[in-house]
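Me: I'd like to go through this structure with you, one question at a time. Could you show it first?

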Amino acid sequence: MKYSGNYFVNTIGCQMNVYDSEKLASILSSNGFEKTTDYNDADIIVCNTCSIRHKAEEKAFSFLGRFAKAKKKKPNLITVMAGCVAQQEGKKAFDRLPHLDIVLGTQAFSRFGQHLEALKSGENRIVDTNDSPMIYETLPDTECFNENNISRYVTIMQGCENFCTYCVVPYVRGAERSRSPEKIMEEISLLAKSGVKEVTLLGQNVNSYGQREGEISFPQLLKRINEIDDIQRIRFATSHPKDLSMDLIYAIRDLEKVCNHLHLPVQSGSNNVLKKMNRGYTRELYIERIAALKEQCPGIGLSTDMIVGFPSETTEDFQETVKLLHEVEFDSIFAFTYSDRSSAPAAKFPNQIDESEKKDRLNELLKIQETITEKKNQILVGKLLKILVEGKSNKLRDGFKDLNGTLKQMTGRSESNKIVHFPSEHANIGDILEIEIKNAYPHSLWGYPVGDETVKNEK
Ligand code: 5AD
Ligand code: SF4
């Protein structure tokens, strides 16, 4: 028997959760629910949760907590905690959220429909944190795509067995599993037919794609995807520095659709800290890989993740991280203060760093990076960048003369992942245009489409 009513899915966390939430939504649709964008109208509320840091976890509890009252007024309202916090907490989730109906772990998606049926037949407080050997497969619902769907995520693998000592992922996402190349190709081909121009391939460590299954390697997978007509750009995340092969560097260099950008989390610039983090590389090896990338792929955009205030990180260790920032000159960084996760080994490490000290280190790092980002953006002034147009923005920049009042300001990204704004009369979402960069700002660039005579500038 199917349901009738509305569903609302709230996503907290990473790109993989965004992708997973679409799967949850499609399961809800096939069980008779319809999508609503207002949770007050919903008959079932799903929160797809993240437990990477304490703050994300608290966000999940606080979001779901607000429906305790609503359920009193609307007793048939169903609330579901899905994803990483669900996997981590299991039935403990009811201690803080006694009104929850389903706790759906990261590997339980294939059984979600079954659990909804069980609720209907009177079961309550269902918990499923069981493993699943395979990644849940369903094709995306391309019927509901619109012109904004030019860029999509595609999960190619899940789980992680690297066991970095600060990280919950191996515990909440389980053992590493890869999807078959056939399934991935089928999904991306369907996306391409539906107007998608760019795919971002997702996995906790894409460099080890297919290894456990004896499948083709990640560079070989990229080569296959590169041949799909209508896909114009391929991105991927995340790469682990210890597994970054020359073959992957050559794939970035040689495959024309693979964007000249790499997100390569370093986490720390100190060998002491890297060792305690169990990262499996030294700062020297990391810098060597970066040098190879810069040599083989000139102009490559580089981004990274950093953690400050890992247990026992000294000011000298932190200065090593600062030094690395200056040496590499990333285009952008995602920096976090270390967050204690009770299931990860580092929670038991001695010499935890004071929260205020962690914040000071984070602010120092972000401030330094700001000048580096601006400097790297500045270098691009006067250069031509190929932009995939992603959307419109409302306002034309000051000093810009719209000759006949028909211009729109559009936004897109360069291969190197820079956000570029530009005025245009003709550009459409999904076009790839050449833009001459005129101005650089801390977080974006501004320029003019080459050869577009309708566009003139006063400055
Ligand atoms: N505390 C702070 N940051 C963390 N990350 C992972 N675990 C933690 C933690 N316990 C960061 C890492 C990772 C990114 C996704 O989140 O930098 O690359
Ligand atoms: Fe976490 Fe390390 Fe695996 Fe990344 S590689 S998901 S940081 S354990």
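**Rings, charges and ligands**

Reply: Sure, let's start with a ring: the charged end of Arg96 sits over the ring of Phe61, 4.1 Å from its centre. Keep in mind that this is a predicted model.

Me: Which residue lies over the face of Phe336, and at what distance from the ring centre?
Reply: Look for a charge above this ring, within 6 Å of the centre. Arg53 fits, as it lies over the face of Phe336 at 3.6 Å from the ring centre. So by that cut-off the charge counts as sitting over the ring, and what you asked for is Arg53, at 3.6 Å.

Me: What kind of aromatic pair do Tyr286 and Phe330 form?
Reply: The structure holds 13 aromatic pairs. In the one formed by Tyr286 and Phe330, the centres are 6.4 Å apart and the planes make an angle of 50°. Planes under 30 degrees apart would count as stacked and over 60 as edge-to-face. The pair of Tyr286 and Phe330 is therefore neither of those but tilted.

Me: How many residues apart are Tyr286 and Phe330?
Reply: Tyr286 belongs to helix α12, residues 283–296. Phe330 is in the loop between α13 (315–328) and β14 (332–337). The pair links distant parts of the chain, and the separation is 44 residues.

Me: Is Tyr286 buried or exposed, and what about Phe330?
Reply: Buried means under 20% relative accessible area. Tyr286 has 0% relative accessibility, so it falls under that cut-off. Phe330 also comes out at 0%. Tyr286 is therefore buried, and Phe330 counts as buried.

Me: Which side chain has an N or O atom 2.6 Å from an oxygen atom of ligand 1?
Reply: Several residues surround ligand 1, including Arg53, Tyr166 and Asp305. An oxygen atom of the ligand is 2.9 Å from an N or O atom in the side chain of Arg53, and a nitrogen atom is 3.0 Å from a polar backbone atom of Tyr166. The 2.6 Å contact goes to the side chain of Asp305.

Me: What percentage of ligand 1 does the protein bury?
Reply: Taken alone, ligand 1 exposes 410 Å². Once the protein is there, the buried part of that area is 86%.

Me: How many charged residues does the shell around ligand 2 have?
Reply: Among the residues around ligand 2 are Cys160, Phe163, His240 and Arg279. By class, 7 are nonpolar and 3 polar. The charged count is 1.

Conventions. Residues numbered from 1 in each chain as written. Chains lettered and ligands numbered in written order. Predicted model: local features only at pLDDT ≥ 70, side-chain atom pairs only at ≥ 80, totals over all residues. Heavy atoms only, no water. Near = heavy atom within 4 Å. Nonpolar A, V, L, I, M, F, W, Y, C, P; charged D, E, K, R; others polar. Phe/Tyr/Trp six-rings, centres within 6.5 Å; stacked < 30°, edge-to-face > 60°. Helix = DSSP H or I, 4+ residues; strand = E, 2+ residues; numbered from the N terminus. Buried < 20%, exposed > 50% of the residue type's maximum accessible area, 1.4 Å probe, protein only. Lys NZ or Arg CZ within 6 Å of the ring centre and 35° of its normal. Polar contact = N/O pair within 3.5 Å; in protein donor to acceptor, adjacent residues only side chain to side chain. Areas by Shrake-Rupley, 256 points an atom, 1.4 Å probe, with all protein chains shown as cover.
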